[in-house]
Structure formats: structure tokens, C-alpha cells
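Student: Could you take one part of this model and walk me through its surroundings, then work outwards from there? I'd like cut-offs for any term you use.

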Amino acid sequence: MLLTISPNSHPKRWNLQFFPLPSKMKTQPSTIIIPKAYNNGDNNSTETAAGKIKRMVLSEEGRTKLNNLPDREFYAYPRFVTHVDDSFISNLTNLYRKCLRPEFEMLDLMSSWVSHLPQEVKYKRVVGHGLNAQELAKNPRLDYFFVKDLNKDQKLEFENCSFDAVLCTVSVQYLQQPEKVFAEVFRVLRPGGVFIVSFSNRLFYEKAISAWRDGTGYGRVQLVIQYFQCVEGFTQSEVIRKLPTDAEQENKSPLSWIMQLIGLSSVSSDPFYAVIAYRNFKPMHE
């Protein structure tokens, strides 16, 4: 049984209930051209579903954190803030607009009170995961959610091939067992399903793993690419980088400059990085 909170007819009141997550979700197939090698008529085949881990990427030292307290304790109190700036959010939403289709069933991994999905698009189903139930309950895009510490248990309680897309936004830096999590994502994705991992240079420094803390922007991109490469079956990763320009700095408002001076905002816009890969093949949508 997994903890789920569902809103009633009064937006400010919540019913706390226990619901089992569905073991399997019905799907409405999108119009996809599937390469013949994968078009075997059985999208739920378990032959290649598990996502075999070919090698471990991180050393034991690379998995360590400065703050060793349980993550559930660190995230016990809700943080109703966006951890990246408007430029990053705009880039991410545009990427989702391009990659995600309305008929998709999606898993928003390590989510919060906002998913940054395009407001004008209604998706078939969005399942949220995170560590703070109050934050997840405030997220209007989630159909339901579950709370789980992926650093303690990487198993996702879904059947093989349950989702068309999995999202992970500004959170990959906290995974201490990324190889196992990426393998589980591969397992729950349908053939042709997409995994979008986005991040910037912001982080809770004491909760990020050592391999991430010590890295550069380029190095962190390469690290996520290696996470994909270590799991058998993911396609070659696609990388999107959008870095701040001098023109963006010149166009900042006076209020932004004042906030920088008193330390309430960063000197430059947040860099945007996204690493994308697909299970088995990249589909071509008609």
C-alpha cells in the first residue's frame, strides 16, 4: 500500500486515504511508426524489459553525501518554491511541449508541487513520485502520487511497460544508486518511451552525491550520459544545452540587479541541461 492524498471538492481541504497504486494502467496507443525489429505484437514482453545494468558508473566514494541524515527527514517540511529560474522553466516546458503527446501516460519522478508541463495540454495520466506528500498533493498536474525514498529502495511498484514517458527534473544529482534507478525506469517504459532528465547548476549541496558536487556543467552532462549507457537498451543520448548569454544579462530588470546585490538571486540565468534517451528506439510520430 502506498500513501496517496487526493483532493476533495474543497481545494483547501484534503482527505488522507490509503490507496493501492494500480498494478497496470490501460493505454491508448498513439500513432507511432515502429521499426520492424520491435513490432512483435507484444509490447508487454519481458524478454528485454528489465534493463540489464552492464556496469556500475559510480565508485563508493562518488555516491557519498555530506549530510548523511535520511532523505525523508531532510525533505520532511514542504518547500513551495521553484528551485530554478523562469528561463530554465520556459526551456523545460518548451522541451516537454515538443517531446510529450496528450495521449501519454507519464511518471514524474522525484517531483514536487509543480511539474512544469505545458498548461494547454491535458495528458492521459500523470503519476507523481517524491519525498514530501504535502508538496505532491499541491501539484495540480498529478492524477495521483506515491512517496518513496529511491536511495533506500529503487524498485518502482509498476508492471513492465507502464509509461510512455518518465521525467526527472533538477533531482538526478541526489541519486546514490542511479544505475539501478535508470534500469527501473527502462523497465517501466514502453518500447519507444522517453526518459527526460533535466538539471541546472543549483542543488542542495549537502545532499548531492560527491561525483556531482565535484563536477562541472560538462562533467555532469557526461555523468548522466553514462547513467543511460550503463543500462542495456537505451538509445544514444541526446543532449540539450542552453547557457546564459550576455544579452540576457543586459536585459535584466532593475529589480533583478538589486536582488543580485543583496544575494537573493544568482548573478546570471540558470543554465539549462537536458539529457534524453528512449527505450529501444526513438519513435517517429505521424
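Tutor: Let's start with G192, which is in contact (heavy atoms within 4.5 Å) with Y278, R279, F281 and P283, leaving aside its neighbours within four places in sequence. Before going on, a note on the source: this is a predicted model, where local features need pLDDT of at least 70 and side-chain atom pairs count only at pLDDT 80 or more, while totals for chains, interfaces and linings use all residues. Residues are numbered from 1 along each chain as its sequence is written, and side-chain values use heavy atoms, with hydrogens and water left out.

G192 sits in strand β8; strands are DSSP runs of E with at least two residues, helices are runs of H or I with at least four, and both are numbered from the N terminus. With a relative accessible area of 10%, G192 is buried; that word means under 20% relative accessible area, exposed means over 50%, and partly exposed is in between (1.4 Å probe, protein chains only). In sequence G192 and K282 are 90 residues apart, yet their C-alpha atoms are 5.4 Å from each other in space. That sort of link fits the chain at large: among contacts between residues at least 6 apart in sequence, 73% join residues at least 24 apart. The chain has 8 helices and 11 strands, and 49% of its 286 residues count as buried.

One of the contact partners of G192 is R279, and R279 in turn lies over the face of F186, at 4.7 Å from the ring centre. For a charge to sit over a ring, NZ of Lys or CZ of Arg must be within 6 Å of the ring centre and within 35 degrees of the ring normal. R213 does likewise with Y205, at 5.7 Å from the ring centre.

F186 also takes us to the aromatics, as ring pairs link it with F182, F195, Y227, F228 and F234 into a cluster. Rings of Phe, Tyr and Trp (its six-membered ring) pair if their centres lie within 6.5 Å; planes under 30 degrees apart count as stacked, over 60 as edge-to-face and the rest as tilted. A search of the whole structure turns up 12 such pairs. In one of them, F228 and F234 have ring centres 5.0 Å apart and planes at 85 degrees, so the pair is edge-to-face. F228 counts as buried at 1% relative accessibility, and F234 is buried too, at 12%.

Two members of that cluster, F182 and F195, come up again in the largest nonpolar core: this core has 42 residues, and V172, F182 and F195 are those with the most contacts inside it. A core here is a set of buried Ala, Val, Leu, Ile, Met, Phe, Trp, Tyr and Cys residues joined through side-chain atoms within 4.5 Å. Strand β8, where we began, is among the elements that give it two or more residues, along with β4 (105-109), β6 (144-147), β7, α4, α6 (217-229) and β10. V172 touches F182, V197, F199, W212, V224 and Y227, leaving aside neighbours within four places in sequence. Apart from this core lies another, of 29 residues, including C99, L100, A274 and Y278; Y278 is also one of the contacts of G192.

C99 brings in helix α2, where F88, I89, N91, L92, T93, L95, Y96 and C99 are buried. The buried residues of α2 pack against β7 (163-169), β8 (189-199), β9 (238-242) and β10 (272-278), which puts our starting strand on the list.

Y96 leads on to S115, in the loop between β4 and β5 (125-130): leaving aside neighbours within four places, S115 is in contact with Y96, D108, N139, R141 and L142. S115 is buried, at 3% relative accessible area, and a polar contact of 2.6 Å joins its side chain to that of D108. A polar contact is a pair of N or O atoms within 3.5 Å; within protein, one must be able to donate a hydrogen and the other to accept it, and residues adjacent in sequence count only if both atoms are side-chain atoms.
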